[in-house]
Amino acid sequence: PGPVDPPIVSALHPRTATVNWTPPSPPNGIITNYSICVCPSSSVAVPGNVTTSTLLDLLPYQAYMVQVTAGPAYGNSGCSVSGMSESFQTPPAAPEGVPAPHLYSETPTSVLLSWGAPERSNGPLERTLGWYHHQTISASWSQSTEGGSPRAGLTSEPEGMSAPEVIPVNGSAARVLWLPPQQPNGAVTGYHIYLNDHLHASVDNSSGSYLLGNLLPFTVYNIQVHTYKTRYTHLCVHILTVFFNSVLIQVEVCTVYTCLRSNVTQTTTVEDLPADLDTPHTQVLSPRVVRLDWSHPGRPSGIMLGYEILRRTLRSCAITSSVGEDSAGLTLRCSYLQCPATHGVCGVSCFHIDTQVCCDGRIYTKRPRHHCCQDNYLSWSNSTDPVCCSGKLLPVLPDHQCCGDYYVRVKSDEYCCPDHSWGRVSVGLGDSCCGGVPYSLRGGQLCCSGTLHDGFGVRCCGGRLVEDTLVCCGEADRGEVHTYVPGFICCGRDYINSSTSLCCESRDGKPTIHPAGNITVTMKCCGSEVIHQEEECCNGIGYNPERHVCADQPTPGLPIQVRVCPALAVIRLCVCTFFCLLAFFTIL
């Protein structure tokens, strides 16, 4: 036969392995058998029609190499021998031939345990485990063999594990506090918290508390601490719901040998807002009677004392007058104007676009050769359209523009600045004005209090020049100068600490300073006022989004329709942002 490639070994187990190979190329005849040599000790023969075999009776944690020999059916031409496979090592297995241990009592509360090495290690020895009274001890093999034969000492159970203290935080969380055992009788290395017999969290031995979350509101729990005697200490707290729902939470304290259970601590989580409240159903019984039906909350989260039903009439622009106040003193930001379809709107009045003209909110009768100039309707005799400047109609001139009370020539790269104190204008190069004088903002000059200055390294603040390294709070003509402090921000003309204060602005931009809160209460801006962080803002007032909605926003699911009335042939102009909630519930 031709040459045979080295075999491939896979699927390793401590006592078996799988060998795969390819037939010789070319075969030069019929291959009747293959001989598999397992070095260093054994061989096995298989038929010539297979190319895989399982090696049996191998030794754990032993190095091997495999070689395959192919034999022909006829002739005496000899056999083809493959090269050696890559060396492989079987995985380790459990030791065999472990002798019985020897016990020797040195004190009334401890036993000295010694043992010999196994006859076949079947791999590297890492540690030794022992049992007594269904308890487990563990010893490192290298440490247990120091100074002679392997040995380990057994100690007594922990003592003095007190009941934990539980402090409810809110409706869904409680904090568990505990003390370590007075006599741990072993090294405490950490705590394990179990939820429904599953590991929930792990903390180190420096912690004496844990925050239990995702609890049910207004529910009674029994809490218990389990102490286990092991070098690795767990603290087990059993929390069992007495009513409403069933939950089991465990926190374990362990040292490796035995357990100690504390007394039971009982606690109740605080009430919370009800949840899973379905939309109420309404039924109109008469023009003045409506029946309202609803179901109880899916999660009451407390003792239900009653319901509060609120109603409010939806206001339509079609029945609302101009801006004013309703009977409750609320300002209705809703304006309504109805004009014929052939008319236009001038200010708050309708006008006929064919016979009338609107000049800046004032209505005039249309006349020939007349033009609007501000709120006046002036005559113009020329056929060309005029330009309005300072209440006068003037002929249009090239490169001219109205500047103050004058119609002057201004080139494309020039700027016109009116000086009202002297009743004159100045035209020159630039793109801005400073005290009636044109200048360029990109030219390095700085305008401060109506006077031009060199702008290098300075800024204008409060009407005076200051160094640009200082902080200016406010406008250039009325600002206040402050020295830069990290973490401080401007609030109007004040310089405040952003970590302790809030700067809230009203709709007109007026700022107000408020305390930012403390470690337990955090605040945020709502207009010029402050509200709690968990609240939402509604026109300067904080509200709980789970119980109320803002009347400036349409109720979710409430359709807002746009009506068109072709029979009236009118134009309806309406801006209305006042909506309301039909009904909502409040725990009494």
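**Notebook: sheets, a hairpin and two cores**

I began with an open sheet of three strands, ordered 14-15-18 and paired in the antiparallel sense. Strand 14 (165-170) and strand 18 (209-212) are the edge strands, and each pairs on one side only. On average, neighbouring strands here are turned by 20° against each other, direction ignored. I note that this is a predicted model.

Next I looked at how strand 15 meets strand 18. Strand 15 covers residues 173-177, and four bridges join it to strand 18, the two running antiparallel. I looked up Arg175 and found that its bridge partner in strand 18 is Leu211.

I then turned to another sheet. This open sheet also has three strands, in the order 1-2-5, with antiparallel pairing. I asked myself why one side of strand 1 and of strand 5 is left without a neighbour in the sheet. Strand 1 (8-10) and strand 5 (52-55) stand at the edges and have a single partner strand each, so one side of each stays without a neighbour. The twist from one strand to the next averages 25°.

For the pairing inside this sheet, I checked strand 2, residues 17-20, against strand 5. They pair over four bridges in the antiparallel sense. Thr18 has Thr54 of strand 5 as its bridge partner.

A hairpin came next. Strand 32 (residues 370-373) and strand 33 (residues 376-379) run antiparallel and are joined by four bridges. Across them, His371 has Leu378 of strand 33 as its bridge partner. Two residues lie between the strands of this hairpin, and Gln374 in the turn has a positive phi of about 60°.

Last, I went through the nonpolar cores. Nonpolar side chains tend to be buried together in soluble globular proteins. The largest nonpolar core here has 16 residues, and those touching the most other members are Trp21, Tyr34, Ile36, Val38, Leu55, Leu58 and Val66. At least two residues of this core come from each of strand 2, strand 3 (31-39) and strand 6 (63-72).

I picked Ile36 for a closer look and asked which residues it touches, not counting those up to four places away in sequence. Ile36 touches Trp21, Leu55 and Val66, and also Val44, Val46, Ser42, Ser43, Ser53 and Gln67.

I also found a second, separate core, made of 10 residues. Val166, Trp178, Ala201 and Leu212 are among them. Of these, Val166 lies within strand 14 (165-170) and Leu212 within strand 18 (209-212), the edge strands of the sheet I began with.

Note on methods:
Residues numbered from 1 in each chain as written. Predicted model: local features only at pLDDT ≥ 70, side-chain atom pairs only at ≥ 80, totals over all residues. Heavy atoms only, no water. Pairing = 2+ DSSP bridges. Axes fitted to C-alpha atoms, helices over the stretch in contact; angles between N-to-C directions. Core = buried A, V, L, I, M, F, W, Y, C linked by side-chain atoms within 4.5 Å. Buried < 20%, exposed > 50% of the residue type's maximum accessible area, 1.4 Å probe, protein only. Contact = heavy atoms within 4.5 Å.
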